[in-house]
Amino acid sequence: MIGGKDMPTSYDAIAAWYDGMVRSDSLAGDRMLQHFFDLIGPVDGQQICDLACGQGHVARALARRGAHVTGIDLSSQLIAIARRDEANDPLGITYIVDDAITLASLGDACCDGVICNLALMDIPDLAATFGAVWRILRPAGWFVFAITHPCFEAPHAQWRSSADGTTSREIVTYFTEGFWRSDNPHGVRGQVGAYHRTLATYVNTLLQSGFIIERMAEPQVTGAAREPGYRVVPPWLHVRCTKN
Ligand SMILES: C[S@@+](CC[C@H](N)C(=O)[O-])C[C@H]1O[C@@H](n2cnc3c(N)ncnc32)[C@H](O)[C@@H]1O
């Protein structure tokens, strides 16, 4: 369903499964993540918030690059996994259970940068979240996020294969924004659902929140991805912006 009464499921309910998937997922592996880090750039010595950090794999990668990282997530179960990793392999990361919509645990202008990897689709209030990010950034601080591509990962989009071997993406609905849940019970979006927004909503909400968009990227999957169609359309959209 889309725009209906179905409610998102907490990642607490799937924390162990999600942790296992992140550690093994080929699409989310180093090659795609490298595009994200290319957009982030050097982080050595910077104070960075990993917003909706999940089990902390991006936070750990940032810390290994020399950043001082605070990971924030609503799921206490995923934060517990992140803290367990931090205890086993200390990188100086602080993990806090908090809501991205308010970021009440973080002070004003405390961060040089904020990153958010594949989580804005999980958060119901985009404007409030961008407002909270803006508040915790220092002047001219940067914000880099990755989202599932709103044009191609629209609700109930389907892969189609033609007799000539070509693959295409069929978009069923794009303009209706709201919460939806995929029919695939084995994927993330079938288990927890997602909030669909148009590309224009993402861009206009960023601008209204006071951000300047510096660069966007639509990385092409070139390796042996799970889905060959991702060589035709990008699975993710990456955005880099700065606090105006
Ligand atoms: C798809 S996961 C991505 C996690 C992580 N960024 C990664 O790269 O694996 C989405 C995350 O958003 C978190 N989340 C959802 N709503 C949130 C909110 N309002 N505030 C903070 N985190 C939230 C979930 O608990 C989950 O960890």
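Biologist: In which loop does L118 lie?

Modeller: This is a predicted model, so read each value as computed from it. L118 sits in the loop between strand 4 and helix 5 (126–136).

Biologist: What is the phi of L118?

Modeller: Phi is positive there, about 55°, although L118 is not a glycine.

Biologist: Is L118 buried or exposed?

Modeller: Read the relative accessibility against the cut-off: buried means under 20%. L118 has 18% relative accessibility, so this residue counts as buried.

Biologist: Which other residue has a positive phi although it is not a glycine?

Modeller: A109 is one, also with a phi of about 55°. Look in the loop between strand 3 (94–97) and strand 4 (111–117). The class of A109 is partly exposed, because its relative accessibility is 40%. The cut-offs behind that: under 20% is buried, over 50% is exposed, and partly exposed lies in between.

Biologist: And which residue takes a positive phi just after helix 3?

Modeller: That is G66, with a phi of about 100°.

Biologist: How many residues of helix 3 are buried?

Modeller: Helix 3 spans residues 57–64, and 6 of its 8 residues are buried. The helix is mostly covered. The buried residues are V58, A59, R60, A61, L62 and A63.

Biologist: Now strand 4. Which residues is D112 in contact with, leaving aside its neighbours within four places in sequence?

Modeller: Start with the position: D112 lies in strand 4. With a relative accessibility of 18%, D112 counts as buried. Its contacts beyond the sequence neighbours are Q46, Q47, L137, R138, G141 and W142.

Biologist: Which side chain does D112 join in a polar contact?

Modeller: For a polar contact, look for N or O atoms within 3.5 Å. The side chains of D112 and R138 are joined by one of 2.8 Å. The D112 side chain also has a polar atom 2.8 Å from the backbone nitrogen of Q47.

Biologist: How far apart are the C-alpha atoms of D112 and G41?

Modeller: They are separated by 12 Å in space, while the two residues are 71 residues apart along the chain.

Biologist: Take an arginine next. Where is R181 found?

Modeller: R181 is in the loop between strand 8 (178–180) and helix 6 (188–191). This arginine is buried, because its relative accessible area is 18%. Then follow the side chain. It reaches the backbone oxygen of Q191 at 2.8 Å. A polar contact of 3.2 Å joins the side chains of R181 and T9.

Biologist: Is R240 buried or exposed?

Modeller: R240 is buried, as its relative accessible area is 16%. R240 lies in strand 11. Beyond neighbours within four places in sequence, R240 is in contact with L39, I40, W142, F143, V144, I212, I213, E214 and R215.

Biologist: On to cavities. How many of 30 Å³ or more does the structure hold?

Modeller: First the idea. Rolling a probe the size of a water molecule over the atoms shows where empty space is left. In this model there is 1 cavity of 30 Å³ or more. The largest cavity holds about 40 Å³ of space.

Biologist: Which residues line the largest cavity?

Modeller: The lining is F145, I147, L199, Y202, V203, L206, I213, M216, L237 and V239. Now map it onto elements. Those giving two or more residues are strand 5 (137–148), helix 7 (199–208), strand 10 (211–217) and strand 11 (236–243). Helix 7 gives the most, with 4 residues.

Biologist: How do the lining residues divide into nonpolar, polar and charged?

Modeller: There are 10 nonpolar residues, no polar and no charged. I213 appears in that lining, and I213 is also in contact with R240.

Biologist: Last, the ligand. Which residues come nearest?

Modeller: Of the 19 residues around the ligand, the nearest are A52, D73, D99, A100 and N117. Then check the atom pairs. A52 has a polar backbone atom 2.7 Å from a nitrogen atom of the ligand. N117 uses its side chain: an N or O atom there is 2.8 Å from an oxygen atom of the ligand. Y18 has a polar side-chain atom 2.9 Å from an oxygen atom of the ligand.

Conventions:
Residues are numbered from 1 along each chain as its sequence is written. This is a predicted model: local features need pLDDT of at least 70, side-chain atom pairs count only at pLDDT 80 or more; totals for chains, interfaces and linings use all residues. Side-chain values use heavy atoms; hydrogens and water are left out. On a 1 Å grid over the protein atoms alone, a cavity is a set of points where a 1.4 Å probe fits but cannot get out, and a pocket is an open set with protein on both sides within 12 Å along at least five of seven lines; lining residues have an atom within 4 Å of a point. Grid points are joined across faces, edges and corners, and a volume is the space filled by probe spheres set on the points. Ala, Val, Leu, Ile, Met, Phe, Trp, Tyr, Cys and Pro count as nonpolar, Asp, Glu, Lys and Arg as charged, and the others, Gly among them, as polar. Buried means under 20% relative accessible area, exposed over 50%, partly exposed in between (1.4 Å probe, protein chains only). Contact means heavy atoms within 4.5 Å. A residue is near a molecule or strand if one of its heavy atoms lies within 4 Å of it. A polar contact is a pair of N or O atoms within 3.5 Å; within protein, one must be able to donate a hydrogen and the other to accept it, and residues adjacent in sequence count only if both atoms are side-chain atoms.
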